[in-house]
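This report concerns the surroundings of the bound ligand and one patch on the protein surface. The sequence and structure are shown first.

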Amino acid sequence: MGKKRATLPAGRQVVMSGIRPTGFLHLGNYFGAVRNYVRMQEEFECYFMVADLHSLTTHPDTKELKQNVHRVLSENIACGLDPDRVALYCQSHIHETTELYLYLNMLAYKGELEKTTTFKEKVRQQPDNVNAGLLTYPVLQTADIILHRAKYVPVGKDQEQHLEMARNFVNRFNHRYGEVFPEPQAFNFGEELIKVPSLDGAGKMSKSENQYATLYLSDDDELIRKKVMKAKTDSGPEKTNSPRPDYIQNIFLLMRLVSNSAIITKFETDYNNCSIRYGDMKKQLAEDMVQFITPIREKAEAIRNDEKYLREVMEKGAEKARKSAKATMELVRKALGLNYF
Ligand code: TRP
């Protein structure tokens, strides 16, 4: 089946996405996801949810859950997500989600769930805990999305299959019980999502094994400098206008995200006439990264320390999400025939 890519929609459409409360936000998350959310809040009716229930499928120990939920909320707000404009809420606060999840489970088949790539991956990663929640992870994700009858879902490539499954569940529901839900589809601003290369010259920035290859929004200035200065370089080009090896191109790509164009042009020219000094280039990149990350880190820290504010955010978000959820669930129960008086 062909994947669907949305063109820019007209009017105020509903957007929904979920954020896992595991791990710290890094530069790849910022440019790949969060920046898209921030742009969407201007034009769409947005629901952004911390997927705390989903995290139970892989992290049954909940000792650090509260801390992680607070962190992910703080970091997203620090990046520009505005709790007054969007519904920013926790999955577990909206009980309608779990009700809808139950109904959808009757429309999801064991065979298709077992074939899901993410499920097979988790089976390999945690063979001792292949729980039913893992198997039905895409069903819960579908419930998250269609609870608000959302059409647009800002997610990365790794979520395409889950969205395809969501469309299947939606079509089965609509076919059997009547049109209640629109088909959700992946949507992001820009043709291709920006890939943020990792600092070790291999792949993109992610929660990688090499802790020096990824810049986190919580890294302090010294750590940022240390990581950038460790990026791989060589003794420089020997012929004018040589092609750039990947690891050098990556440094230019990172510069493009945070440095001004005069600086980039200077280093491009230096590269082309073989006078480039990679030490200077990395120092410049490090300073520009510090300038970029520091205000976000400081803002996130201040928010994280303000539990009262976080509580207000979650309450406000839940209230908005509940309103939309209630309206949908009335339609759902009616369509299902669960109204006996
Ligand atoms: N599965 C998503 C991820 O791993 C998180 C998620 C949960 C989500 N519910 C969602 C994404 C609803 C989009 C819509 O990142």
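In this predicted model, a polar side-chain atom of Arg20 lies 3.0 Å from an oxygen atom of the ligand. Two further polar pairs involve ligand nitrogen: one with the side chain of Tyr137, at 2.8 Å, and one with the side chain of Asp144, at 2.8 Å. The table sets out these pairs.

| Residue | Ligand atom | Distance |
|---|---|---|
| Arg20 | oxygen | 3.0 Å |
| Tyr137 | nitrogen | 2.8 Å |
| Asp144 | nitrogen | 2.8 Å |

The ligand on its own exposes 370 Å², of which the protein buries 94%. Two elements, β1 (14-19) and α8 (137-146), each supply two or more residues to the shell around the ligand. The largest share comes from α8, which gives 4 residues.

In total, 14 residues surround the ligand, and the closest are Arg20, Tyr137, Gln141, Asp144 and Gln159. By class, the shell consists of 7 nonpolar, 5 polar and 2 charged residues.

The second topic is the surface. There, Leu338, Tyr340 and Phe341 make up a nonpolar patch whose accessible area is about 490 Å² together. Leu338 is located in the segment that follows α14 (307-336). Leu338 has a relative accessible area of 35% and is therefore partly exposed. A patch residue needs over 30% relative accessible area, and the 35% of Leu338 satisfies that cut-off.

Technical notes:
Residues are numbered from 1 along each chain as its sequence is written. This is a predicted model: local features need pLDDT of at least 70, side-chain atom pairs count only at pLDDT 80 or more; totals for chains, interfaces and linings use all residues. Side-chain values use heavy atoms; hydrogens and water are left out. A residue is near a molecule or strand if one of its heavy atoms lies within 4 Å of it. A polar contact is a pair of N or O atoms within 3.5 Å; within protein, one must be able to donate a hydrogen and the other to accept it, and residues adjacent in sequence count only if both atoms are side-chain atoms. Accessible areas come from the Shrake-Rupley method with a 1.4 Å probe; for residues, only the protein chains shown count as cover. Ala, Val, Leu, Ile, Met, Phe, Trp, Tyr, Cys and Pro count as nonpolar, Asp, Glu, Lys and Arg as charged, and the others, Gly among them, as polar. Patches are made of residues with over 30% relative accessible area and no salt bridge: like charges are joined within 9 Å, nonpolar side chains (Val, Leu, Ile, Met, Phe, Trp, Tyr) within 5 Å. A salt bridge is a side-chain nitrogen of Lys or Arg within 4 Å of a carboxyl oxygen of Asp or Glu. Buried means under 20% relative accessible area, exposed over 50%, partly exposed in between (1.4 Å probe, protein chains only).
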